[in-house]
Amino acid sequence: MNKNFSNNVKNILLFSREEAGRLHNTTVGVEHILLGMIRDSNSKASAVIHRLGVNLKALKLDIDEELFKDGRYISENQMVIDKSVENLLRLSLLESMNLNSGQTDTEHLLLAMLKNKDSAAARILENHRLDYNKVYDFLLKEKGIDRPVHAPRMGAGFTEDEEDD
């Protein structure tokens, strides 16, 4: 699974652990991944968020406010990775394939993050007027695709007869 992820994604995963410790959290979640994206100003996701008009400092403050726990700094060795991060990574692979990308990068993480409407990260991003369709359309335009490609669907896309076979 690692071979499909860019070095930028690997860096963001490292940053997310540091962000969790800074906020005194014992679990690394999707929101920490978002903080890692914002922290890496060279990441495509950070650039997309900024180019779509989101104030990165205000976004970071909102996430910090949501996640900060009173207490002491948590060592990275004491943290666990939340299952939601594993799901995010899986979804980002699908987003990468859907956009015909050779590698899964930070913009695919961002799309996967926005896909899960139940997460605090998606809610905070939507409060900053950023949603899946807006990011997806932006990425398509950057690739020179005028007509939006349909977003990935769940399942393999077989008809009921094909599934029975």
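**A walk from T104 to the helices**

Hi everyone, let's start with one residue: T104 has a relative accessibility of 2%, so T104 counts as buried, since the cut-off for buried is under 20%. Please keep in mind that this is a predicted model.

Where is T104? You'll find T104 in the loop between α5, residues 83-98, and α6. What does T104 touch, if we skip its neighbours within four places in sequence? The contacts of T104 are N4, F5, S6, V9, S92, L93 and S96. One of those, S96, also makes a polar contact with T104, side chain to side chain, at 3.5 Å.

Two other names there, S6 and V9, lead us to helix α1. S6 caps the N-terminal end of α1, with a side-chain oxygen 3.3 Å from the backbone nitrogen of N8. V9 is one of the buried residues of α1, along with I12, S16, E19, A20 and G21. What covers those buried residues? The cover includes β1 (27-28), α2 (30-39) and α6 (106-115).

Now a little check you can follow on the screen. Helix α1 runs over residues 7-22, and at 1.5 Å a residue its 16 residues should span 22 Å. The C-alpha atoms at its ends are 23 Å apart, so the expected span and the model agree. If you wonder about the 22, the expected span is 1.5 Å times one less than the number of residues. Just after α1 comes H24, which takes a positive phi of about 65°.

Let's move to a pair of helices. Helix α3, residues 44-51, packs against helix α8, residues 132-142, at an angle of about 105°, and their axes are 11 Å apart. That angle makes α3 roughly perpendicular to α8. Which residues meet there? From α3 we have K44, V48 and R51, and from α8 we have V135, F138, L139 and E142. Sorted by type, the residues of this contact are 4 nonpolar, 3 charged and no polar.

Finally, let's zoom out. The protein chain has 9 helices and 2 strands. Read from the N terminus on, the order of elements is α-β-α-α-α-β-α-α-α-α-α. Of the 165 residues in the protein chain, 42% count as buried, and T104, where we began, counts as buried too. And among contacts in the protein chain with a separation of 6 or more, 67% come from residues 24 or more positions apart.

Thanks for listening!

Technical notes. Residues are numbered from 1 along each chain as its sequence is written. This is a predicted model: local features need pLDDT of at least 70, side-chain atom pairs count only at pLDDT 80 or more; totals for chains, interfaces and linings use all residues. Side-chain values use heavy atoms; hydrogens and water are left out. Axes are lines fitted to C-alpha atoms, for helices over the stretch in contact, and angles run from 0 to 180 degrees between N-to-C directions. Helices (H or I, at least four residues) and strands (E, at least two) are DSSP runs, numbered from the N terminus. Angles under 35 degrees count as roughly parallel, over 145 as roughly antiparallel, 65 to 115 as roughly perpendicular and the rest as oblique. Contact means heavy atoms within 4.5 Å. Ala, Val, Leu, Ile, Met, Phe, Trp, Tyr, Cys and Pro count as nonpolar, Asp, Glu, Lys and Arg as charged, and the others, Gly among them, as polar. Buried means under 20% relative accessible area, exposed over 50%, partly exposed in between (1.4 Å probe, protein chains only). A polar contact is a pair of N or O atoms within 3.5 Å; within protein, one must be able to donate a hydrogen and the other to accept it, and residues adjacent in sequence count only if both atoms are side-chain atoms.
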